[in-house]
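Let's take a walk through this model, starting at a pair of strands and working outwards. Keep the 3D view open as you read.

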Amino acid sequence: MAMVLDAFASYIADTIKQMAADEVGMLLGVTGEIDSLHDKLESLRDYLADAERKRITDRTVQGWVTKLKGVMYEATNILDLCELKAMGRRDAAPSPCCNPLLFCLRHPMFAHDIGSRIRKLNKRLDDICLLGAAFSFIKLETYQDYRTGRPSAADRKTDPVLERSAVVGEKIEEDTRALVEELTKDNDGIMVVAIVGVGGIGKTTLAKKVFNHEEIQHKFEKTMWLSVTQDFSDVELLRLAITTADGKLPATEDKSMLVPALLNAVRNQKFLLVLDDMWSDRAWTSLLNAPFSHGAPGSRIVITTRNETVAPGMRAREPYHRIDKLGPEDAWTLLRKQAVSGEADGLDIDLLKDIGLQVVAKCDGLPLAVKVMGGLLRQKGKHRHDWEMVLNDSIWSAYEMPEELNYAVYLSYEDLPPCIKQCFLQYSLLPKGGSFSRADIIGMWISEGFIHGSSDDLEELGIKYYIELILRNLIEPGIQYIDDPVLNMHDVVRSFAQFAARDEAVAVQSGENGNISKLTAQ
């Protein structure tokens, strides 16, 4: 099974805690060794969130994590053995006798063997800790501050300038016309419209099409574009909003002065505001709602988000606008645009359309994936052999995820709690096209030990995790069986998840009937 470091450490710590409550260590005479193991794992837990983040893209950190997980797996094996042995001794014990020392005296060889194995394990943990010091992992209490300041968040910021080569097909034109019509209808209120979809599906591209539409530019007195991102700064966002609204920017970073300045910039103005890449409704509810509520009637807010829970938090108008995947011909058109280096290449590229259609089929209609593949093919040239190599090997290998594609899904993955990360990774290992109901999936999660809690609450907690993954667009409802949808996972999302679990599990291979034929865990 694919385990997430910090969740794995929590699982082991909970197991040791329960063993202590049941006096298992005392029963077997290995209390000191088990306590030492617990202390070492607890000291490591402070750094595991950062190690889990870094190991996705850093092979040396991945190697260190693999060694650490090896020790953790061995620890679970030993602890399980201790539990089983202790259970057997309780069952075999005469009821009047409850002295743990007597049990240990009767089976000293087992106690000695377990104690020796745990001591060796503790020594391996000491060595791993020394190696880990070279990576300068960030402690848990500063991890959130680090995420807020990391430069990659700035790289994710968008602007309203539209890249024409990214726009293909009639569907986006239809979507643009529908949204423009909805936004320009006469309405006295300030309306919020949500564009929802998985990362890389084209939400920002559609928002740019709408933003730059001629009718929009004439209808509104102010048009503003704010890229919110996952790690926005309150002060930076307010200052950017004031500047975008052509307001007077105070020479201060005091929010109590920046908010009134933004209010004055939009007061009684009929505006269109695009909030791109919203990860939560916090930026709106706690920062922007108050000043923008003073705009003129008929003002509009458009949000793009991969997390469907954001839309109701901002009271967006229903139904939300969901982006459809590209069809084969539109996907080929986009791939061709990205792969062509110059006009003279067009005819040669057209001769490779049969391979190109197979390439875009692997992209499953996701524009970002098509663009990444197109960029790769442009580097390969116009030779059929080179395109066939890309089709048959290339980017979909678990060890060769492209940075752009990796990042598109990685942001959503990193934002998950550790326990839900494990459920997400486990789902990706199931056969594509297999039919698994919600009860099937949650049952697998529970049996793997990914869901922690009292036995009465596990199923309810599993349903919560299940819904969370749907709302984050990491798994998608598919065919409906009465009230229980059978879920799908986008090929690009699946590729990333299998990449993240690459050293611990092998994906299930499915036969023609879509049933499980093989499951291998390393």
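## Starting in the sheet

Strands S3 (residues 271-278) and S4 pair in the parallel sense over five bridges. Strands here are DSSP runs of at least two residues (E), helices are runs of at least four (H or I), and both are numbered from the N terminus; two strands count as paired if DSSP finds at least two bridges between them. One bridge to look up puts Leu275 with Ile303 of S4.

S4 also pairs with S1 (residues 191-196), again parallel, through six bridges. Here Ile195 sits opposite Thr304 of S4. S1 in turn runs parallel to S5, joined by two bridges, and Val196 has Arg322 in S5 as its bridge partner. Put together, five strands make an open, parallel sheet in the order S2-S3-S4-S1-S5. S2 and S5 (321-322) are the edge strands with a single partner each, so each has one side without a neighbour in the sheet.

## How much to trust it

This is a predicted model, so local features need pLDDT of at least 70 and side-chain atom pairs need 80 or more, while totals for chains, interfaces and linings use all residues. Residues are numbered from 1 along each chain as its sequence is written, and side-chain values use heavy atoms, leaving out hydrogens and water.

The protein chain has a mean pLDDT (the predictor's confidence in each residue, from 0 to 100) of 76, with 72% of residues at 70 or more. S4 (residues 300-305) has the highest confidence, with a mean of 95, whereas strand S9 (residues 516-521) has the lowest, at 34. Take care with residues 95-105 too: pLDDT stays under 50 there, and the model has 13 contacts beyond four places in sequence for them. A contact means heavy atoms within 4.5 Å.

## S4 and the loop before it

What happens to the side chains of S4? Arg300, Val302 and Thr304 point one way, Ile301, Ile303 and Thr305 point the other, and all are buried. Buried means under 20% relative accessible area, with exposed over 50% and partly exposed in between (1.4 Å probe, protein chains only). In a regular strand, side chains alternate between the two faces of the sheet.

Just ahead, Ser299 lies in the loop between helix H14 (282-292) and S4. Ser299 counts as buried because its relative accessibility is 0%. Its side chain reaches the backbone oxygen of Ala296 at 2.7 Å. Beyond its sequence neighbours within four places, Ser299 is in contact with residues including Gly189, Phe220 and Phe271.

## Leu226 at the edge strand

Leu226 belongs to S2 (residues 222-227). Is Leu226 buried or exposed? It counts as buried, because its relative accessibility is 1%. Its C-alpha atom is 7.8 Å from that of Leu237, eleven residues away along the chain. Among the residues Leu226 touches beyond four places in sequence are Leu237, Leu240, Leu273, Leu275 and Leu288.

## The nonpolar cores

The largest nonpolar core has 70 residues, and Leu272, Leu335, Trp387, Phe424, Trp445 and Leu469 have the most contacts inside it. Such a core is a set of buried Ala, Val, Leu, Ile, Met, Phe, Trp, Tyr and Cys residues joined through side-chain atoms within 4.5 Å. Apart from this one lies another core of 34 residues, with Val196, Leu275, Leu288 and Ile301 among them.

Technical notes
Polar contact = N/O pair within 3.5 Å; in protein donor to acceptor, adjacent residues only side chain to side chain.
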